[in-house]
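This report looks at how two chains meet and at a few local features within them. The sequence and the structure come first, and the discussion follows.

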Protein chains: 2
Amino acid sequence: MTRNITFLSGGVGGARFARALHSWNEASGRPFNCTAIVNVGDDFTHMGLRISPDLDSVAYHLADMGDKGRGWGRANDSTRTMSEISRVLPEEGWFQLGDLDIAHNLMRTQLLENGHSLSEATRLLNSRYGVSFTVLPATDDPSPTIVEHTASAPMWFQEWWVRNQANPSPTAFAFPHATDSKPAPGVLESLATADIIVIAPSNPVVSIDPILAIPGIRAAIAEAAAPVIGLSPVIGGRPVRGWLDRCLAVVGVECTAPAVAARYGDRSTGGLLDAWLADPIDENLPNTFAGLITHVPLLFSQDEADNRIIDALMESVTTLTNASKSGLSV
Amino acid sequence: MTRNITFLSGGVGGARFARALHSWNEASGRPFNCTAIVNVGDDFTHMGLRISPDLDSVAYHLADMGDKGRGWGRANDSTRTMSEISRVLPEEGWFQLGDLDIAHNLMRTQLLENGHSLSEATRLLNSRYGVSFTVLPATDDPSPTIVEHTASAPMWFQEWWVRNQANPSPTAFAFPHATDSKPAPGVLESLATADIIVIAPSNPVVSIDPILAIPGIRAAIAEAAAPVIGLSPVIGGRPVRGWLDRCLAVVGVECTAPAVAARYGDRSTGGLLDAWLADPIDENLPNTFAGLITHVPLLFSQDEADNRIIDALMESVTTLTNASKSGLSV
């Protein structure tokens, strides 16, 4: 019997989860078919390059060529090209890309120019890299995240996040093109045929929300036969990566694991999740999430120790399945 | 009194001429204002990069950062990015670009994306590189050279020249967008105010013809007050660079210095040139060109020895000027 895991993913946190799942899967002797549905709200065109930061972080980690320290970019990359740009035209040197990363972006750009869709270009490049997971953009249509604020004109996500270091303070994140976008081929199918659906420990506001904004994806998760398990991107009240706290503030959500779980909501009351994995440091915080909560250290060590996270994920699936079989609500 | 030299230029040969003129000029103590009008028929978009090979060869040589051996690209460049592309997606690795060259192309692409014209982007980048000449694209409008042949669909110039190594044999070179193009700002003015106009030893068919095809440029040269001197790109019946012989064959011209001079034609009979510089090796070939012919070794050594070429150019200008003053036809 085929076993399928589908997970929703942003960049760094999702990529580390993907790598942990990949390692666990390889060691299991009975690997799942794994599909990543990846945020493309961060995508933009810069210096002619069609850049998809989250797709790349996931692919690089799965091919074991990602920079583990930063969580983005290639390991052992050089910066000859960007150093030259910063020297000659410093005003255009704000988006860091290593030389190997530029190679990847040039190849994707050419494939898109050749008429391939983003999912086709991703599949072709990932097959060359030996990526065993199916990595799908949430949509092949351009659906950029727009950062709205009162200080000036709205910004593209990367302009706000990277160039302006998450300033000024936003009033909202908008996905104005989402309603005109279709899920990429395979996205809805992978959710419908999944045995397990996971929401990776990614930024819920700017990584997961842009995926859920594509028409049909939220409904496909709600209607899926598979249990849906989320991993907390907050540990001990602090964002593990990036400016998650600033993003959560924009949507009026506290930067705590229970607050993020409550925002996703439990399926019994129309939410997304059946179960939630949080770090033991947050074990004593009050929870309003009505689903199954499992505590396991969630800080990725990026070695075999991360197996415990996937083990906990599988245990929560087992608990949910047994509860379901016995007719008990968990 | 300001003294102005304006020259028409392709890539490698024009870039070497430009460098020789720059060195001679610097050493003269009384430098000319120099303006290059550069072919953009080779320009194309590849992997998202807006590539202008001839503009870059000229700028790199003038900034003394060109690769003197190849005549194109940057000196001491590395190829980390293109090596990765050739490894992962070899079908897209055919156009060689060093890492520093990619930096230059990314900067130009971003400047064009920002709304700058090609001449503005060129001026900005060249000023950062410390280029003292004014380097103008023949036109800011896209006017690609199309290679027509019987074997398949017409090709972009670089596809034919680089990817297919000048195969298959063309039936014609066409400049279909030239008639809709305007000379870039400064081009006609620089010809009108020039004290000397030079046609660099570039490929007459695929480097100079695309410049002359832009409406107004040929007439501006014909009407210019300045003497017009051409340098032979053929030495001893062989092209100094590239597939000049194949290009000349397409327009039915022998690959000899006199045949190229005759094709440009002398101004007294409606042609372009008042004078022609050819190599001494070609001194005894029969000539139909009616203007002044001066023989000087024309193979660029890319050191002080190249001063003799610029000296010969200046001597031919003096001869033309004296003949003009004395009312004699040369």
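Does A:D141 count as buried, partly exposed or exposed, and at what relative accessibility? In this predicted model, A:D141 counts as partly exposed, because its relative accessibility is 23% and the buried class is reserved for values under 20%. A:D141 forms a salt bridge with A:K182, in which the closest N and O atoms are 4.0 Å apart. The pair links distant parts of the chain, since A:D141 is in the loop between β5 (134-137) and β6 (146-148) of chain A, whereas A:K182, 41 residues apart from it, is in the loop between β8 and α7 (187-192) of chain A. A:K182 itself is exposed, with a relative accessible area of 56%.

## Salt bridges within chain A

Over all chains, the structure holds 19 salt bridges. Three that lie within chain A are set out here.

| Pair | Closest N to O distance |
|---|---|
| A:D64 and A:R19 | 3.7 Å |
| A:R87 and A:E84 | 3.0 Å |
| A:D141 and A:K182 | 4.0 Å |

The bridge between A:D64 and A:R19 links distant parts of the chain, with A:D64 in the loop between α2 (53-62) and α3 of chain A and A:R19 in helix α1 (residues 12-28), 45 residues apart. A:D64 is partly exposed, with a relative accessible area of 46%, whereas A:R19 is buried at 18%. By contrast, A:R87 and A:E84 both lie in helix α3 of chain A, three residues apart, which is about one turn of the helix. Here A:R87 is exposed, with a relative accessible area of 52%, while A:E84 is buried at 6%.

## The interface between the chains

A:E84 also takes part in the contact between the chains, where its side chain meets that of B:R74 in a salt bridge (2.9 Å, N to O). The side chains of B:R74 and A:E84 are likewise joined by a polar contact of 2.9 Å. B:R74 is found in the loop between α2 (53-62) and α3 of chain B, and it is buried, with a relative accessible area of 7%. Leaving aside neighbours within four places in sequence, the residues in contact with B:R74 include A:E84 and A:R87 from chain A, and B:Y60, B:L100, B:D101 and B:Y129 from chain B. A network of salt bridges links A:R74, B:E84 and B:R87.

Taken as a whole, the contact involves 32 residues from chain B and 32 residues from chain A. The size of an interface is often given as the accessible area lost when the parts come together. Between chain B and chain A the buried area is about 2,800 Å², and carbon and sulfur atoms give 62% of it. Across this interface the rule finds six salt bridges, and the count of residue pairs in polar contact, both at pLDDT 80 or more, is 16. On the side of chain B that touches chain A, α3 (80-88), α4 (99-113) and α5 (118-129) of chain B each supply at least two residues, with α4(B) giving the most, nine residues. By class, that side of chain B has 15 nonpolar, eight polar and nine charged residues.

A:I85, in helix α3 (residues 80-88) of chain A, is buried, with a relative accessible area of 0%. Not counting residues up to four places away in sequence, A:I85 touches A:M47, A:P90, A:E92 and A:G93 together with B:A103, B:L106 and B:M107.

## Symmetry

Chain B can be laid on chain A with an RMSD of 0.0 Å by a turn of 180° and a shift of 0.0 Å along the axis. That is the relation of a two-fold axis. Of the residues of chain B, B:G48 comes closest to the rotation axis, with its C-alpha at 2.4 Å. Because 100% of the interface residues of chain B are also interface residues in chain A, the copies meet through the same surface.

## Backbone features

A:M47, one of the residues that A:I85 touches, has a positive phi of about 55° although it is not a glycine. The place of A:M47 is in the loop between β3 (44-46) and β4 (49-51) of chain A, and at 0% relative accessibility A:M47 counts as buried. A:Q165 also has a positive phi, near 50°, and is a residue other than glycine; it is placed in the loop between α6 and β8 of chain A and is partly exposed, with a relative accessible area of 43%.

The peptide bond from A:N167 to A:P168 is cis, with omega near -10°, and A:P168 is found in the loop between α6 (157-163) and β8 (172-174) of chain A. In chain B, a cis peptide bond joins B:N167 and B:P168, with omega about -10°, and B:P168 has its place in the loop between α6 (157-163) and β8 (170-174) of that chain.

Technical notes. Residues are numbered from 1 along each chain as its sequence is written. Chains are lettered from A and ligands numbered from 1 in the order in which they are written. This is a predicted model: local features need pLDDT of at least 70, side-chain atom pairs count only at pLDDT 80 or more; totals for chains, interfaces and linings use all residues. Side-chain values use heavy atoms; hydrogens and water are left out. Contact means heavy atoms within 4.5 Å. Buried area is the accessible area (1.4 Å probe) that two parts lose on being put together, summed over both. A polar contact is a pair of N or O atoms within 3.5 Å; within protein, one must be able to donate a hydrogen and the other to accept it, and residues adjacent in sequence count only if both atoms are side-chain atoms. Helices (H or I, at least four residues) and strands (E, at least two) are DSSP runs, numbered from the N terminus. Ala, Val, Leu, Ile, Met, Phe, Trp, Tyr, Cys and Pro count as nonpolar, Asp, Glu, Lys and Arg as charged, and the others, Gly among them, as polar. Buried means under 20% relative accessible area, exposed over 50%, partly exposed in between (1.4 Å probe, protein chains only). Copies are superposed by least squares on the C-alpha atoms of residues with pLDDT of at least 70 in both.
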